[in-house]
Every structure is written in C-alpha cells, then in structure tokens.
Amino acid sequence: MIALVTGSSRGLGKDVALAFGKRGHQVIVHYRGNKTEAEAVASMINESMALKADAGYPNEANRLVNEIIKKWGRIDVLVNNAGITKESLLIKTSEEAFDEIVNTNLKGPFNFTRAVGRHMMKQKSGHIINISSYAGVKGREGLSAYSASKAGLIGLTKTAAREFSRYNIMVNAVLPGYMLTDMGMEATDKAKESALKDSLVNEYSNPGNVAEFICYLAGTTGITGQVFNLDGRIL
Ligand SMILES: NC(=O)c1ccc[n+]([C@@H]2O[C@H](COP(=O)([O-])OP(=O)(O)OC[C@H]3O[C@@H](n4cnc5c(N)ncnc54)[C@H](OP(=O)(O)O)[C@@H]3O)[C@@H](O)[C@H]2O)c1
C-alpha cells in the first residue's frame, strides 16, 4: 500500500506516517517548510520519501503527485492532514489571514483530492481521509477561518464520497480531539483549559491513537461518506 500523508513532518501527520510505515506500507512524507524534520520522519520508515509542496497551490499538488506516480506508479491512500490556524476574533481577522487558512485547510485537500483522484479512478480503488475538527462542527470563538475551513472540508468529504464511490474510492473525515501538537500548544491557555474541561474523560487526544484509527480506516471496505468523531467532547 502506498500512502501520501500531507503535513507529516510533525504533529499528527508524523504519527500517521509512522503508523503506516510500521505496517510495512510505502509512505510519502509531505511538508511545506520543515525539510529536516520531514527527512527525519522518512528515515524512520523502511520505504519512504520526503516531498515538498505548498498544499494551497494546485500546480504544486499536481507536481508532487506526478512525482509519486512516476516513481511508485500508484497511490492507495491520501490523508489530507496539513493544516494551520491562527486565533483572532472574526472582526479582527484580516482578509489575508482568512485566505491563507482556507487555502491551506480547504483548498489544499481539494487540490490533492483532484490530483490523486484521477489516478485512484484508473486504479478503481483508494481511500481518502480528511482531517477535520470539532471546530468545524461546533464553531469556536477566535477561529472563524479555521472553523469555516474545517466545516467546508466535511462538505467536500461527503461530495467526494458520492462522486467517487462508483470507482471504489472511499472518502471519510476524521475529527481528532484536542492534541498538544505544535498547533495545539500555540492556542491560548484558556482554549487549552476549556478543551480539557469539556472532555468527558478529562484528557487531551493522543495523536498516536488517532493515527492508529486512520490506518485501520484505510484498511476497511465499504465505509464512505462518514465523519468519525474521535474527540472526548460531545458534538
Ligand atoms: N492539534 C489539534 O488539537 C487538532 C485538533 C483537531 C484537528 N486538527 C487538525 O489536524 C491536522 C494536523 O494538525 P497538527 O496539530 O498536527 O498540526 P502541526 O503540528 O502544526 O503540523 C502541521 C503540518 O502541516 C504542514 N503544513 C502547514 N501548512 C502547509 C501548507 N501550506 N502546505 C503544506 N503543508 C503544510 C506542516 O508542514 P511544515 O512542518 O513543513 O510546516 C506540518 O507538517 C490539521 O489539519 C489540524 O487542523 C488538529
């Protein structure tokens, strides 16, 4: 199985790449800026390569996918994980900040799904797993662009699932809980405290557990168009 995990130089994506690697799969470790970290992740996997692309640009996603096809001939799993956030009240959010977040978190998965989808259609198989968020369903103060992008990603997931099911391509979304990755650590103390307070198990989400779930999902058949909430907070 060949898996492309976007944004796997660190955080959740790194754990997902390593989990696929542990199962003996070939993994493409994708990154935007952190080449050294991405190469370090790739070096921990038996068959892997680290490739750079800005998810927000369709030509970069196409180039990266063509490179994989040229070298390995197919892609079985795409995990659209790369994402960014920046806290600010809606009224204070600049157009540039809104565009950057939506371009990365929503247009990025669109770019990669379109680029990879063509090949999966020819293969008549594939799994696309989009990493959305609790914020996309519930909304979060200070995260208007992020919440909008993650809500949009759920719509993209359901539509892609409908369009691709006839090609035996499964498309699902996963909502991790609050994880103390770089992204999670950047949030305000108030946001961290309230994530813990709202969790029924009074725990942050463990990226390793989320990664195991994603690997399991990628090995299933007949499950598509679903949104899996792995958060301890009730939606
Ligand atoms: N952390 C949480 O609590 C939480 C909760 C729910 C959902 N999520 C979602 O889970 C996913 C992973 O989050 P994380 O916490 O692991 O984040 P993270 O630690 O900040 O890592 C983000 C990853 O995305 C990559 N990336 C960022 N912008 C990119 C771009 N324009 N093009 C390509 N790659 C880009 C980064 O690459 P570089 O290292 O090269 O910059 C990095 O690999 C995100 O989609 C996030 O929204 C996170």
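This passage describes the fold, the core, the ligand shell and selected residues of one chain. The model is predicted.

The chain holds nine helices and seven strands. Its C-alpha trace spans about 45 × 35 × 35 Å along the principal axes. The radius of gyration is 17 Å, which agrees with the value near 18 Å for a compact globule of 235 residues. Buried residues account for 46% of the 235 residues. Of the contacts between residues at least 6 apart in sequence, 70% join residues at least 24 apart.

The largest nonpolar core comprises 62 residues. Within this core, Val5, Val16, Ala17, Val29 and Ile214 have the most contacts. Ala17 illustrates the packing. With residues up to four places away in sequence left out, Ala17 touches Val5, Ser8, Val27, Val29, Val41 and Ile45. Val5 and Val29 thus appear both among the residues with the most core contacts and among the contacts of Ala17.

Strand 4 spans residues 77-80, and both of its faces are covered. Val77 and Val79 are buried on one side. Leu78 and Asn80 are buried on the other. In a regular strand, side chains alternate between the two faces of the sheet. Strand 4 has two parallel partners in this account. Strand 1 (residues 2-5) runs parallel to strand 4 and is joined to it by three bridges. In that pairing, Ala3 has Val77 as its bridge partner. Strand 5 (residues 126-131) also pairs with strand 4 in the parallel sense, over four bridges. There, Val77 stands opposite His127.

The shell around the ligand contains 28 residues. Gly7, Gly11, Gly83, Thr181 and Met183 come nearest. Two elements, helix 1 (11-22) and helix 7 (182-186), give two or more residues to this shell. By residue class, the shell divides into ten nonpolar, 14 polar and four charged residues.

Tyr134 lies in helix 5, which covers residues 134-138. Tyr134 has 24 C-beta neighbours inside 10 Å and therefore counts as buried. Beyond four places in sequence, its contacts are Leu175, Asp231 and Arg233. Leu175 belongs to strand 6 (169-175). The C-alpha atoms of Tyr134 and Ser94 are separated by 23 Å, with these positions 40 residues apart along the chain.

Ser199 sits in the loop between helix 8 (189-198) and helix 9 (207-218). It has 17 C-beta neighbours inside 10 Å, so Ser199 counts as partly exposed. Its contacts beyond four places in sequence are Gly177, Gly232 and Arg233. Arg233 is therefore a contact of Ser199 as well as of Tyr134, because each pair meets the 7 Å C-beta cut-off. Ser199 and Gly232 are 33 residues apart along the chain, yet their C-alpha atoms are separated by 4.7 Å.

Two asparagines have notable backbone angles. Most residues other than glycine have a negative phi. Asn168, not a glycine, has a positive phi of about 60°. This residue is found in the loop between helix 6 (144-164) and strand 6. With 16 other C-beta atoms within 10 Å, Asn168 is partly exposed. Asn202 likewise has a positive phi, of about 55°. Asn202 lies in the loop between helix 8 and helix 9, the loop that also holds Ser199. Asn202 has 9 C-beta neighbours inside 10 Å and so counts as exposed.

Conventions. Residues are numbered from 1 along each chain as its sequence is written. This is a predicted model: local features need pLDDT of at least 70, side-chain atom pairs count only at pLDDT 80 or more; totals for chains, interfaces and linings use all residues. The radius of gyration is taken over C-alpha atoms; the globule rule is 2.2 Å times the number of residues to the power 0.38. A residue is buried if 20 or more other C-beta atoms lie within 10 Å of its own, exposed if 12 or fewer, and partly exposed in between; C-beta atoms are placed from the backbone. Two residues are in contact if their C-beta atoms, placed from the backbone, lie within 7 Å. A nonpolar core is a set of buried Ala, Val, Leu, Ile, Met, Phe, Trp, Tyr and Cys residues joined through C-beta atoms within 7 Å. A residue is near a molecule or strand if its C-beta atom, placed from the backbone, lies within 6 Å of it. Ala, Val, Leu, Ile, Met, Phe, Trp, Tyr, Cys and Pro count as nonpolar, Asp, Glu, Lys and Arg as charged, and the others, Gly among them, as polar. Two strands pair if DSSP finds at least two bridges between them.
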